[in-house]
Amino acid sequence: MANRKSSNKLPQTAVIKQILKRCSSLGKRNGYHDGTCGGLPLDVPKGHFVVYVGENRSRYIVPISFLTRPEFQTLLHQAEEEFGFDHDMGLTIPCEEVVFQSLTSMLSA
């Protein structure tokens with residue numbers, strides 16, 4: 001049973017690493033601060049990353065800890081299926097803003 005659990009964690013870990021790499025490389029390409037913030041915009045605190053949500057692509061700053069939550073991982077899998085991670089538009093979540101706000105409020109509690 002432990003082997004099965006380990007094999008399930010590997011893809012999730014790989015996806016999380018890919019997302020973090022994508023987020024930081026996007027910031028560097030777009031000329032954001034390249035110091036201790038890892039190439040992210042200056043308004044993104046350490047331990048957070050940016051996602052774009054909804055039809056208007058509203059920008060949200062979320063904690064990296066969300067990446068390990070199954071609820072958030074479901075959104076990431078949907079984002080990968082719909083948009084992929086290899087584009088210049090930032091990490092876009094295919095979700096209505098109201099639903100995203102509700103989910104992030106629940107995860108923050």
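Biologist: When do two strands count as paired?

Modeller: This is a predicted model. Two strands pair if DSSP finds at least two bridges between them. β1 and β2 have six bridges, in the antiparallel sense. Within this pair, V53 stands opposite a residue of β2, namely S58.

Biologist: Which residue takes a positive phi in the hairpin of β1 and β2?

Modeller: The hairpin has four residues between the strands. One residue there has a phi near 85°. That residue is G54.

Biologist: How far does helix α3 reach from its first C-alpha to its last?

Modeller: Helix α3 runs over residues 97-108, which makes 12 residues. At 1.5 Å a residue, 16 Å is expected. The model comes close to that, with a reach of 16 Å.

Biologist: Why do the buried residues of α3 lie on the same side?

Modeller: An α-helix has 3.6 residues a turn, so residues three or four places apart point the same way. The buried residues of α3 are F100, L103, T104 and L107. They share one side of α3 because the arc they cover around the axis is only 95°.

Biologist: What do these buried residues of α3 pack against?

Modeller: Take F100 as one of the four. F100 touches V51, V62, F72 and I93, among others. Taken together, the buried residues of α3 pack against β1, β2, α2 and β3.

Biologist: Which element gives the most to the largest nonpolar core?

Modeller: This core has 18 residues, and F100 is among those with the most contacts inside it. β1, β2, α2 and α3 each supply at least two residues. The top contributor gives four residues, and that element is α2.

How values were computed. Residues are numbered from 1 along each chain as its sequence is written. This is a predicted model: local features need pLDDT of at least 70, side-chain atom pairs count only at pLDDT 80 or more; totals for chains, interfaces and linings use all residues. Side-chain values use heavy atoms; hydrogens and water are left out. The expected span of a helix is 1.5 Å times one less than its number of residues. Buried means under 20% relative accessible area, exposed over 50%, partly exposed in between (1.4 Å probe, protein chains only). The arc is that of the directions from the helix axis to the C-beta atoms. Contact means heavy atoms within 4.5 Å. A nonpolar core is a set of buried Ala, Val, Leu, Ile, Met, Phe, Trp, Tyr and Cys residues joined through side-chain atoms within 4.5 Å.
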